[in-house]
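These are my notebook entries on a structure that I looked through one topic at a time. Each entry records what I looked up and what I found.

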Amino acid sequence: QLQLVESGGGLVQPGGSLRLSCAASGFTLDYYAIGWFRQAPGKEREGVSCITMSDGSTYYADSVKGRFTTTRDKNTVYLQMNSLKSGGTAVYYCAADRYWGTVRRMCNTRPPRFGSWGQGTQVTVSP
């Protein structure tokens, strides 16, 4: 069974940085995409960034482009978040699924259509 465990959340001031990790186990991820999603109180879950595990192709939402970077190392995916804004406060989740579309489509589909999810990690951006 595919398991995902996020870590690295916390409290950070506006303009600061955090790096989230998503450790995957239980499956060979060659044909999978890993996505980072976030959900703020009272809002829908939204795709932040997605990456294909086979070749590392990435997609970023416009709201984070240029500030967030997603990378992979074996079965761990990282989300480096720089220049964080107060609007970035949310629970961040990583999710995994076998490819069923382009990484852009997989990240943007609403509601999200990833089959496996981590438990989430809280990120709070506040002075």
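**Entry 1: Phe27.** I began with Phe27, which sits in the loop that links β3 and β4. The model is a predicted one. I asked whether Phe27 is buried, partly exposed or exposed. Its relative accessible area is 39%, so I record Phe27 as partly exposed. I then listed its contacts, leaving out residues up to four places away in sequence: Phe27 touches Gln1, Leu2, Tyr32 and Asn75. For Gln1 I also looked up the separation from Phe27: 26 residues in sequence, but 7.0 Å in space from C-alpha to C-alpha.

**Entry 2: the four-stranded sheet.** I next traced an open sheet of four strands, ordered β1-β3-β8-β7, with antiparallel pairing. Its edge strands are β1 (3–7) and β7, each of which pairs on one side only. From one strand to the next, I noted an average twist of 15°.

I went through two of the pairings. The antiparallel strands β1 and β3 are joined by five bridges, and here Gln3 stands opposite Ser25 of β3. At the other edge, β7 (residues 68–73) is joined to β8 by six bridges, again antiparallel. In that pairing Arg72 faces Val77 of β8. β7 and β8 form a hairpin with two residues between them, and Lys74 in the turn has a positive phi of about 60°.

**Entry 3: β5 and its partners.** How many residues of β5 are buried? I found six of the seven, so I describe the strand as mostly covered. β5 pairs with β4 in the antiparallel sense over six bridges, with Gly35 opposite Cys50 of β5. The hairpin of β4 and β5 has six residues between the strands, and Gly42 in it takes a positive phi near 80°.

β5 also pairs with β6 (residues 58–60), antiparallel over three bridges. Cys50 recurs here, standing opposite Tyr59 of β6. In the hairpin of β5 and β6 there are five residues between the strands, and Gly56 takes a positive phi near 75°.

**Entry 4: the disulfides.** I counted two disulfides in the structure. With bonded cysteines numbered along the chain, the pattern is 1-3, 2-4.

Cys22 and Cys94 form one of them, with sulfur atoms 2.1 Å apart. The link of Cys22 and Cys94 is right-handed, with 65° about the S-S bond. What does this pair tie together? Cys22 belongs to β3 and Cys94 to β9, so the bond ties parts that are 72 residues apart in sequence. Both Cys22 and Cys94 are buried.

Cys50 and Cys107 form a disulfide with sulfur atoms 2.2 Å apart. The link of Cys50 and Cys107 is right-handed too, at 90° about the S-S bond. Because Cys50 lies in β5 and Cys107 in helix α1 (residues 103–108), this pair ties together parts that are 57 residues apart in sequence. For burial, I noted a relative accessible area of 0% for Cys50 and 0% for Cys107; Cys50 is buried, as is Cys107.

**Entry 5: the nonpolar cores.** Which residues touch the most other members of the largest nonpolar core? Within this core of 29 residues, they are Leu4, Ile34, Trp36, Phe68, Met81 and Tyr92. Strands that each supply at least two residues of this core are β3 (18–25), β4 (32–39), β5 (46–52), β8 (76–81), β9 (90–98) and β11 (121–125). A second, separate core has nine residues, among them Ala33, Phe37, Ala95 and Cys107.

I then followed Leu4 outwards, leaving aside neighbours within four places in sequence. Its contacts include both Cys22 and Cys94, and also Ile34, Trp117 and Gln119.

**Entry 6: Thr121.** I closed with Thr121, which is placed in strand β11. At a relative accessible area of 12%, Thr121 is buried, because the cut-off for burial is under 20%. A polar atom of its side chain lies 3.2 Å from the backbone nitrogen of Gly9. Gly9 is also one of the residues that Thr121 touches when those up to four places away in sequence are not counted. Others that Thr121 touches include Glu6, Ser7, Gly8, Leu20, Ala90, Val91 and Tyr92. Tyr92 had already appeared in my entry on the largest nonpolar core.

Terms used: Residues numbered from 1 in each chain as written. Predicted model: local features only at pLDDT ≥ 70, side-chain atom pairs only at ≥ 80, totals over all residues. Heavy atoms only, no water. Core = buried A, V, L, I, M, F, W, Y, C linked by side-chain atoms within 4.5 Å. Buried < 20%, exposed > 50% of the residue type's maximum accessible area, 1.4 Å probe, protein only. Contact = heavy atoms within 4.5 Å. Pairing = 2+ DSSP bridges. Axes fitted to C-alpha atoms, helices over the stretch in contact; angles between N-to-C directions. Disulfide = S-S within 2.5 Å. Polar contact = N/O pair within 3.5 Å; in protein donor to acceptor, adjacent residues only side chain to side chain.
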